[in-house]
Structure formats: C-alpha cells, structure tokens
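Visitor: Could we take a close look at just one part of this model, the place where the protein meets the DNA? I'd like to know what is touching what.

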Protein chains: 2
Amino acid sequence: MEKQTFLKKSPLFYGIGDKEAMLRRLSGGEQVYERGERILSAGKICERIGVILEGSADVVREDAEGVPVTVARIAEGEFFAEAFACSGRALAVSVEAAVRSKVLWISVCRLFESGGSEILANFLRVFAQKNVFLTERIGHLSRHSLREKVISYLHGVARSAGSATFQIPFDRQGLADYLGCDRSALSAMLSRLKREGVLDYYKNSFRFTEKLG
Amino acid sequence: MEKQTFLKKSPLFYGIGDKEAMLRRLSGGEQVYERGERILSAGKICERIGVILEGSADVVREDAEGVPVTVARIAEGEFFAEAFACSGRALAVSVEAAVRSKVLWISVCRLFESGGSEILANFLRVFAQKNVFLTERIGHLSRHSLREKVISYLHGVARSAGSATFQIPFDRQGLADYLGCDRSALSAMLSRLKREGVLDYYKNSFRFTEKLG
DNA sequence: AAGATTCCGTTGTCGTTGCAACGTAAAAAG
DNA sequence: CTTTTTACGTTGCAACGACAACGGAATCTT
C-alpha cells in the first residue's frame, strides 16, 4: 500500500485538506522490518503510532508464565500502539513483523503539539469507536456461560444489522477467539442452539428463529 | 461537587488556561434528574458527554432476553456516554439516575468545532488510557480457565506495582464481576492457589510466593 | 452491647466446557 | 484430476465452574 493510498483511505486523515503536508508535520519516519524482526518491545515507552504500509505484524503478549502468545495480527493499512503512545503508558505487548514489512511512524508529540484540531478530532473519533467495540466485546466476554456468550454476541450483530438474518465476520476459530472459548465447544453450542430451534445457520449466515429482543 | 472542582480535577481540562471560558464554549447545559429518572436511552444518538456533578448514575444494558442489567455505576466527578457521543454511534446502554443527580453536559460538536487543540489532546489521552484498560481486561477475560484469569489479573497488577506484593482495588464480588466469574468460585480458586503455594493474601493485599514472570 | 448487615470462604451438586482426537467436506495447491 | 490443506462438526472424558446454601467474621447501626 502506498502512502498516498493510506492517506486517502484512513479515517485518521478524513477531511484534512493537504494530507501530505499534514503527514510531513506528523511524520516520525518510515522503516522496513524483516520477517520476525521485533518492531516494539513490551515494557518500553512508545511515542509513535505505527502504520503498516506493507506486510503485516503480530501483536505478542507474554502470559503469566512468560510464554509468548500472539493476540492479534495487524494487516496492511492498519495501525498499532496508538493507545499506548497516546496515553504515555508502557507497552503491555510486543509487536513483530510477520513478513518483511514497511512501517510508517506518526509522532504523537507532534500530533499533540503541532497537529490541528481537525486531525485530533479524527483521532478522537477513531479512539471512541474502538472504545465502543472493546466495551461491546467485554459485554459478551463477561457472560458466565458459553450459551450466553454466543447469544449475546449474535443478538448484538442482529441488532446492528437491524434484522434477524445476518452474517458474521468470523470463521468458527475467529469467533471462538473473540468469545474466549474453545472452537469445538462453540461448534457444539451452535448446533445445540440450532437443534433447540433458537437459531438457524449455514456457514457465516445466521438467523434467529425466535423473536428478537 | 462544584463545577469548579470538576474543572480543576478532571484530566479533560488539564493544562487549559481559562477552564471556565473553555467550559462555556463547550457547555451543553446542566440538568437535574430525580432518582430513577432516565438520563439516556439505548438506541438513541447522543451528541453530548455527561458529567455527574452531584449524585450517581447506573449504566443499564438490556440482555438478549430484554432483561435490564446494571453493568456499571458512574460516581460523582465521572463522565459517561463519551465513547458513543464522540464516535456518533447509537447508545448500546441506557443511563439512569441512581439518586437525585446533577449532570453537566459537554457538547461534542462544539468540542470538535470550537474546542482548541489542547483540550482535544486531553480527551485523546483520556480515551487512549481507557482503551488500554479495556484491552487489559479483555486479556484477562479471554483466558479459558478461572485459574488463568485470576493469575493473569494478579500478575498484571503485580507488574504495574513493580513488586510481588501489591493491593487490588476490588473486593471479592468486584473482582468476580471484573473477571466475569462467580464470587464463590473466585474465593475457592484464591484459596486453592494459596494452598498450592502460588499466592498468599489477606483481604486485598496479595503476594506472589513464586518468581514473578 | 446487641442486632443487623456485609463480606468472605467452604461445601456439594450438576450441568458445562476445555481438550484431544477423529471424520468429513470443501477449498487450495500441485 | 489428485493431493494437500483447511474448516467444521461430533464424540468422549475429566476437570471445571456456576449456583445455591450455609456459617463465621468483621463492620455498621441503633
């Protein structure tokens, strides 16, 4: 992805007149990382937001026993470390290049000091939206049984779609990760709900058989 | 809490020269709500951020069966609806006054249009920090067993404290809610970890007996 | 001081779910 | 077309955890 493409498509730069000039004001440089190379290390303070222009990167968290676990993948055009950089908190995760990747860095202090109100407003909107998504996911994860987790999630999607028929953006493994459960347990619960007549589904298309809350 | 106290203490107005003038620019008015009165309704678009100047409010979410569940309480000096208002998304929750309460409203469009860079940067920092907290909680909630949830959480606190001895800001029920589990199951797990020699604790004071990851 | 209330740990039961293993179907690679 | 890989569902099992109920300790109230 070219820098121009990113500038054009990213909500961070939406409505900014001279996007390239703005990026020059905010730029913290570009850098290429080889496959497997460490981009950011947990525990460090990061003062830049990273944008993946080419390639992809893995977010790695160390669990309690010190075993590294990949918790997310950053794809082309997406960014990372934004919350840590903007809040000034130490990184809780590390980031590694999954393949040879080009990263565009955005300096947070320049954003705060020489960025305009428009771009700050854009960042605020993006953060607020992410906030809503995270809170939503917490709502599902907080349920005490798998059945409730699944129904809570599917109802949420149905409500967003405004219809009892809807599609989900996950495959089974992805949904299991999102809901913090086992894939096979999820499959079993889905077919149980189908058997009970609550749901019907085929692949990623779902339909609530009963009335919608 | 007086408006001046809020302005002085809130990170939203940190470093703003004339805080009162800024608030006048952003103000969406003040309003008093009686105990039990609906402040915001799920499904609506909200264009203001609410600040509780006096009293407290409950955040109520409707579960899949339509049963209202209180998911959080907003205390004096805290704010609510900020993520929905700033992202422009419809409210996923309702807010009701827990007691007779006074709410200060902050207009988001004025924040975006006539607010300065400084205050936008403050909001951005606050959102980013909340983002980090939410992500942290998701990390704990995503674990597949209660044992892992508890250890993940406690290790996180220990790491923040930089010591194997630390205090937690929850009572047992509060921690159970945070981790999405049953209180008695949590108690049982804690005493099991103590019995196994992993942990030691008394009330809210904890200590890891083994090495810290 | 006595009673009421809250908080916490324990126990027992039963449904649940993580986990490993397997089979099938579809998709991708060759 | 054949082989390989990936995605899903199913099953069995053992461990787990939600839930209810209880008792004790500490705190608050009167």
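Visitor: Of the atoms of DNA strand C within 4 Å of the protein, what percentage belong to sugar or phosphate rather than to bases?

Guide: It's 69% sugar or phosphate, with the rest belonging to bases. Quick ground rules: this is a predicted model, where local features need pLDDT of at least 70 and side-chain atom pairs pLDDT 80 or more, while totals for chains, interfaces and linings use all residues. Side-chain values use heavy atoms, without hydrogens or water, residues count from 1 along each chain as its sequence is written, and chains are lettered from A and ligands numbered from 1 in written order.

Now, the protein side. There are 18 residues around DNA strand C, "near" being a heavy atom within 4 Å. Those that come nearest are Leu146(A), Arg172(B), Arg183(B), Ser187(B) and Ser191(B). By class, the surface has six charged, seven polar and five nonpolar residues; Asp, Glu, Lys and Arg are the charged ones, Ala, Val, Leu, Ile, Met, Phe, Trp, Tyr, Cys and Pro the nonpolar ones, and the others, including Gly, are polar.

For polar contacts (here, N or O pairs within 3.5 Å), start with the phosphates. A polar backbone atom of Leu146(A) sits 2.3 Å from a phosphate oxygen of strand C, and a side-chain N or O of Ser187(B) is 2.8 Å from a phosphate oxygen. A base joins in too: one of its nitrogens is 3.3 Å from a side-chain N or O of Ser184(A). As for elements, two or more residues each come from α8 (183–195) of chain A, and from α7 (172–179) and α8 (183–195) of chain B, helices here being DSSP runs (H or I) of at least four residues, numbered from the N terminus.

Key: Polar contact = N/O pair within 3.5 Å; in protein donor to acceptor, adjacent residues only side chain to side chain.
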